[in-house]
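Visitor: I'd like to learn how to read this one feature by feature. Could you walk me through it?

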Amino acid sequence: MADHPMELPDPAMGLNVPPALAASINRHRAHVEQLATSLRAAGMPDAQIEASVSVLIASYRSELIPALKSLMKADPDAH
Amino acid sequence: MHIRLTDEAGRLASLRRYDVLDTSPEAPFDKIVQLVKTVLNVPIALVSLIDADRQWFKSCVGMEVRETARDISFCTHTIQSRQPMVIGDAALDPRFAQNPLVIGPPYIASYVGAPLLTPDGYALGSLCAIDTVPRTFEGWQIDVLTSFAALVVDEFELRRIAQTDSLTGALSRRALLAEAERAISQYVNHRLPSTMISFDIDQFKGSNDQFGHAKGDEILCACAAFIHEQKRPGDILARLGGDEFALLMTDCDIAQALETAERCRAALPELRFAHDPALRLTASFGVAALNQGCLSAEQWLVEADQALYEAKQTGRNKSCIHVPVLPEGAPAQPRAADAVEEEVAEDEVSDEDIELHKTSVEPLSLRLWGRMKRLRRVKSAKTGRLAYGGLHPGIVNFQVLNLSETGIIVETSAKLAPMPEFFSVEFSDIYCRAQTCRSAGYVIELEFIFDGEKLD
């Protein structure tokens, strides 16, 4: 079992997002880390944890992109 | 986080703000539920939202139903605490031993649920794992479920933020289109009329250029707040971009929507701004009712925009309505009264519960237009809802033509008289100038038009 924290991708892909969305993304990132920690503590293999976390991040990102587009269209200065 | 366990009204309001009830299944929630099922090794996993009198499942594996009554749901107990609720053997728990979900399908024997806590402390529902045999849930399983529950709320939160215009707090265009699609579905399936009002501030660009974007933003926020105060609680205000807004009014025909648009238009100049006390805002409004020829949200907005464009082109600071070109043989527009009548029929309310009203001259609040009405109002005694007669497609044209001259009323009435489906004494609204409306001669003239019917 690895004893280093898992490297999580930035779901916002480095974009400068509006504050309300940034706070939400940070909470999501913290919750994913918390989940990974819980799964690791339960003895789940790292490969399985990474697979689960990847699914969650990918599906969050798939919703995040239209959300970003929507917000940036409404507020063109927020990018 | 401050957890608000006892504020049920606030909890329900929070649930409404997320606007997720009765939405379609979505992959992110289904993936979380599938992971819960796999990791906790259970046959059933759910994202359950607790509405006022039901639990509704946003996502569900292992069960066929999409909702149950709230009073038999396990999750309604889960939201009473900030901690997960664990039931090892439901048959031994006096709260659940005789529960229909325990002694009947899906035969719940054990349960663990983690509350879905929003950032402002409300429990919207729970993420739960269910087994059909008694079992012990380990501490790590409860921790994992709690982590998954937080991710469910993150997904809700992402949708809520994406639906909101960050400047004005109105909904985004994307969210409006989703709501419009729901209204269209209600129109197609239940003949429930809905109307879209598109509006923008007259000469906003000039004001923006003169005072700068910060003051322009202040104007947009004030305008959105003003319309928010004027609309009905269920109406949906959205900012489409720039200074263009839309108001979606469900269960509302074009006459009611036009009245709202005119009321807003007349009162908007009362807004005052510190940076320019002399500034008087005006706006132009386009009103479009759902009709047989318009069955997409984008098309609906286009039709409202066309009416708005007409208002802009013909002088600004006015409301125009979109006159639909209906396919040949299309049935008449549904009226708000239809919905109430159907409701009355479904509820098996007797005729005694339906009140018939007839009114004549009714000056509108803005005192510019009056409305001569000969219509039947239907009131459901059970729900208290009162519906107006509304307008048939032919009457929409009629309404446009008769805004100023009684002579046009006579002419149009003569054309419409052979078409009783478009023109009847019971379901006709006539808009005219209040001054004209109040004149005795005008009333007599209308009585003549209505074939001798005595106006009240």
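Visitor: How many helices and strands are there in chain A?

Guide: Helices (H or I, at least four residues) and strands (E, at least two) are DSSP runs, numbered from the N terminus. By that rule chain A has two helices and zero strands, while chain B has 15 helices and 16 strands. Keep in mind that this is a predicted model, where local features need pLDDT of at least 70, side-chain atom pairs count only at pLDDT 80 or more, and totals for chains, interfaces and linings use all residues. Residues are numbered from 1 along each chain as its sequence is written, chains are lettered from A and ligands numbered from 1 in the order in which they are written, and side-chain values use heavy atoms, with hydrogens and water left out.

Visitor: What share of each chain counts as buried?

Guide: Buried means under 20% relative accessible area, exposed over 50%, and partly exposed in between (1.4 Å probe, protein chains only). In chain A, 42% of the 79 residues are buried; in chain B, 54% of the 456 residues are. For surface, accessible areas come from the Shrake-Rupley method with a 1.4 Å probe, and for residues only the protein chains shown count as cover. Chain A has about 4200 Å² of accessible surface, 57% of it from carbon and sulfur atoms. Chain B exposes about 19800 Å², with carbon and sulfur atoms supplying 52%.

Visitor: And which residues sit in the largest nonpolar core?

Guide: In soluble globular proteins, nonpolar side chains tend to be buried together. A nonpolar core here is a set of buried Ala, Val, Leu, Ile, Met, Phe, Trp, Tyr and Cys residues joined through side-chain atoms within 4.5 Å. The largest has 42 residues, and Leu49(B), Leu116(B), Leu127(B), Phe148(B) and Phe156(B) touch the most other members. Its largest share, nine residues, comes from α5(B). There's also a second, separate core of 32 residues, with Phe226(B), Ile227(B), Ile254(B) and Leu268(B) among them.

Visitor: What is Phe148(B) in contact with?

Guide: Contact means heavy atoms within 4.5 Å. Setting aside neighbours within four places in sequence, Phe148(B) contacts Leu35(A) and Leu56(A) in chain A, plus Ile32(B), Leu35(B), Val36(B) and Leu127(B).

Visitor: Now the holes. What lines the largest pocket?

Guide: First, the terms. On a 1 Å grid over the protein atoms alone, a cavity is a set of points where a 1.4 Å probe fits but cannot get out, and a pocket is an open set with protein on both sides within 12 Å along at least five of seven lines; lining residues have an atom within 4 Å of a point. Grid points are joined across faces, edges and corners, and a volume is the space filled by probe spheres set on the points.

The largest pocket holds about 1200 Å³. Of its 31 lining residues, Arg16(B), Asp19(B), Glu179(B), Gly234(B) and Ile236(B) lie nearest the centre. Elements of chain B that each supply at least two lining residues include α1 (8-18), α5 (139-163) and β8 (236-241).

Visitor: What is the make-up of that lining by class?

Guide: Ala, Val, Leu, Ile, Met, Phe, Trp, Tyr, Cys and Pro count as nonpolar, Asp, Glu, Lys and Arg as charged, and the others, Gly among them, as polar. That gives twelve nonpolar, eight polar and eleven charged residues. The second largest cavity, at about 60 Å³, has nine nonpolar, one polar and no charged residues in its lining. Phe57(B), Met63(B), Gln55(B) and Pro106(B) are among the residues that line this cavity.

Visitor: Where does the backbone do something unusual?

Guide: Most residues other than glycine have a negative phi, and most peptide bonds are trans. Pro105(B) and Pro106(B) are joined by a cis peptide bond, with omega about 5°. Pro106(B) is in the loop between α4 (100-103) and β5 (110-117) of chain B. As for phi, Asp19(B), just after α1(B), has a positive value of about 55°. Asp251(B) also has a positive phi, near 55°, and sits in the loop between β9 and α9 (254-267) of chain B.

Visitor: Is Asp251(B) buried, partly exposed or exposed?

Guide: Partly exposed, because the relative accessibility of Asp251(B) is 22%.
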